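Okay, thanks everyone, let's get going. I'll put the structure up on the screen and then talk you through it.

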Amino acid sequence: MPIRVLLVEDSPAMRTFVGSVLESAGEYVVEEVKDGIEALRLVPRAEFDLVITDINMPDINGLELIHAIRQHPRHANTPLLVITTNDRERDSLRALKLGASEVLTKPFTREELLVTVARVMEAARTRAASPDPARKPVRGPGGDG
Amino acid sequence: MSAVDQNASEFIAEAQEVIETFSRTLLELEAQSRSGGADPDLVNAAFRAIHSLKGLAGLFGAQAIGGLSHTLESTLDSLRLGKLALSRAVLDVLFEAIEVFGRLLTPRDDPDEPDPDIEPILVRLRALTEQEAPDLPQDNLEWVGEAILSVLTEYEEHRLRENIRSGRGLYRVHAKFDILAIDVGIEQLKDKMKVYGEVITYLPSADGSSDDSIELDILLGSKSSLAELSAALAVGDVSVHRLAPADAPSAITPAPPRPSQPSTPAQPQRIASPTPAEPRSTSSGHNGHNGHNGHNGHNGHNGHNVVAAPMPASSRREPAPSLLADDVPEGAGVSETSLRSLSQTVRVDLRRLDLLMNLVGELGLVQNNLAGVLEHLRQLDRSADVSRELQVQIRDMTRKLALLQQGILDVRMVPIGQVFDKLARVVRKLSRDLDKDIRLVISGAETVLDKLIVEELSDPLMHMIRNCIDHGIEAAPERARLGKPPAGRIELRAFQKGNRVVIEVEDDGGGIDWLQIRDMAVRKGQVTPEEGVSMAPSEAVNLIFAPGFSIRETATEVSGRGVGMDVVKTNIAKLSGMIDVTTEVGKGTKFSITLPVTLAIIQALVIQSAGHTFCIPLNSVLESIMVETREISTIEGHEVIILNKKTLPLLHLSRLFSLRPLSRSYRDPHRVYVVVVGLAQHRVGLVVDELLGQQDVVIKPLGSAVRNVPGIAGATELGANRTVLLLDVGRLVDEGVRQADATVSIGVSHVR
């Protein structure tokens, strides 16, 4: 069963890059959206195993999106990877605080992306196998991995 | 290999687009900063443009561009975060960076040639960042609520602080959107809100969103009162709430009593939460985390607030008077949209469009053939029904084919504004270099032309603008003496006129003195003294288009000696265009360029000479006349006729191309057809045997065999698979003029 990815990124080039790297790796199916609004439309109705989002986006920024996604019962534990530029350390920290699983700084190579995504997914699987007592029990994400 | 090339050219195209957007944004920012303050949204748009360029460069491994955008991004970040003021010096460095990007993005002939050195610009950019103002003591924002603060990016938090510092009230606009209509809904609300202040961010509302609706809390900084905002915004599923520190509930704008209906009484009012202090009504109300810590100076009277020229609320309402006012009517929103439009654009190689265009042309031939079949059918009585049906279908196909052709043409069309932006930068730089204050007024930037034409226009227009600034516009003391406004004015206009586009460059400078031109031409031997005496003013002025002519006796640094209006004219002629000039001494000069909208498909006059068929671009045909052979006179072996009291040199196509008659068609020995063609101010008559009619033709490139034949510009196909050559009117006119120069002194004819 392929891993369903929601990719939120306003730069068309970056979106295409991330999307095509993941899809060509074989095990991912990527839904690409260009901003937070489109993402919010999908969040309540679609199943995702992984969310990848930029932070600096017009209107709804990535931090707000992370917050909203985490509020949604279905996605409270969905792995969430942030892709952003290295200068915005403060924003990266905030993302982690809001529940992002990991931050990957741009620019990154194809390999860095694949390794990071695999690690995030692996961490989520481990966590699902031995539930962390500190976390609120919630309805699990769509599949087990 | 070719995939790599394609990637590279895609990157360059996209990067150029980003730089164009960035450049436009900077020009507008400069105009704004001159008239008060810079719109923070616009500064942010500039930052975002370079931010995305950096990402692009990273993906494509373009190191120099990546390095420059990285450093530039930091500078812009400092600007948008208010750490650096948008001074003239800063703008200079930013514009310099655009020029460096331009060099980096220019394809180099030798792939091993190293990238241009970016170190100098990097040094200048870094030097700017060192001037950054130290961080100011930060106001306490706890009263805004942790739930909001925790999701703001650094930039948004900065804007929040700036709004509070400048004395604006902070509002939470709660809106519920249908999930299917949120795009439209949010844009409409955004437009409304922008009139009243600055939208800081959009927060997805924690509570309400369901499967078919999305609720947002929008943070708005505004000088307007809660009542005003509610009246304007609170319609339908929108409500407005005020955020304020607990101990200063109504310090800035007291909430009005509920019954009053201030401005628009008809509006249904929904002041959702009329209690005076309502920090708890943020979406975080339930987390009990709001420190009501209002004792810190939050209302902008701490004297530290002028760092990045925060935009006063008033100047946001009325669009700042901008150099590009005609072009970009509403500031911030525009550049944001244009950045976003990137994702809705598909870049297509023009060659692919040419291919499609050829196919359409060939379909047109098929259609002609079908019409022939129909004719045949008609002659067979029995199939009347069938032929009627066929006729209906063919007519339908003809219509759709025309639409398809137009559609493909439209894809090639780009706004001339792309070039105008470049020119705006040139004006900026030159007016600096020459210490002349010059206002550039642009109109019609949205006028569209074929992409190829737009690209070829950039150099000629650049030359003309240089001439305007260097030769045309007087220095400030001179202008003062003449009672002219101190700032010179250059107007750049584009507009559609019929099926052609007219571009005008007009200045309010000194104009061209025709006597001076004439005397100089005589002195240089370009015209004889006798010619000089009988020369009309317009003829003399047109001498500026003669090869090697210069208005100045001495070369200047900017335009050199005679920047070559002859080159400009030749370039325009290559685009099947014409250039005219009108001028008045002391008042100014206006150049008008008339161009076809596209070169890919043209209307042609189909003619026959010695049994061979040729096409002549209709846009250079002035008239077709029938001439009695006795009207033709011969001067030194060259034929001419007198037309409208002017000498018109004649060219026989059959002789020019050494054509032997293909068929012995009947020809009236006493009459010939003359097609009068003209480019710019020159006229030549082409002697032909037959005029076959007008037709739209798709131009195809020539094979190597005839590529270098002078006088032939291309080939096209007419019905029945006949390949027909298209005449190069520019070359023919040159040929005719050369002959004429050798015979009679026709000089230059009237300005059209």
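I'll go through the sheet in chain A, then the contact between the chains, then chain B and one of its loops.

Just so we're clear from the start, this is a predicted model.

So, chain A. What's the strand order in the sheet? It runs β2-β1-β3-β4-β5 in chain A, five strands in an open sheet, and the pairing is parallel. At the edges you've got β2, residues 28-33, and β5, residues 102-106, of chain A; each has a single partner strand, so one side of each has no neighbour in the sheet. From one strand to the next, the twist averages 20°.

Let's stay with the β5 edge for a second. β4 of chain A, residues 80-85, pairs with β5(A) in the parallel sense, and there are five bridges between them. If you want a spot to click on, Thr85(A) sits opposite Lys106(A) of β5(A). Then there's helix α4 of chain A, residues 89-97, which packs on the sheet and touches β4 and β5 of chain A. The direction of α4 makes about 175° with that of β4(A).

Okay, on to where the two chains meet. Chain A puts 31 residues into the contact and chain B puts in 30 residues. On the chain A side, α1 (12-24), α2 (36-42), α3 (62-71) and α4 each supply at least two residues. Which of them gives the most? That's α3(A), with five residues. And if you sort the side of chain A that touches chain B by class, you get 14 nonpolar, five polar and twelve charged residues.

Now chain B. We're looking at 752 residues here, and 39% of them are buried. DSSP-wise, chain B has 23 helices and 22 strands. Take the contacts in chain B between residues at least 6 apart in sequence: 74% of those join residues at least 24 apart.

Last stop is the loop between β16 (638-643) and β17 (646-652) of chain B, where you'll find Asn644(B). As a reminder, most residues other than glycine have a negative phi. Asn644(B), though, has a positive phi, near 50°. Lys645(B) lies in the loop between β16 and β17 of chain B too, and its phi is also positive, about 65°, although it's not a glycine.

Are these two buried or exposed? Asn644(B) has 10 C-beta neighbours inside 10 Å, so it counts as exposed. Lys645(B) has 5 other C-beta atoms within 10 Å, so Lys645(B) is exposed as well.

That's what I had, so over to you.

Methods: Residues numbered from 1 in each chain as written. Chains lettered and ligands numbered in written order. Predicted model: local features only at pLDDT ≥ 70, side-chain atom pairs only at ≥ 80, totals over all residues. Pairing = 2+ DSSP bridges. Helix = DSSP H or I, 4+ residues; strand = E, 2+ residues; numbered from the N terminus. Axes fitted to C-alpha atoms, helices over the stretch in contact; angles between N-to-C directions. Contact = placed C-beta atoms within 7 Å. Nonpolar A, V, L, I, M, F, W, Y, C, P; charged D, E, K, R; others polar. Buried ≥ 20, exposed ≤ 12 C-beta atoms within 10 Å, placed from the backbone.
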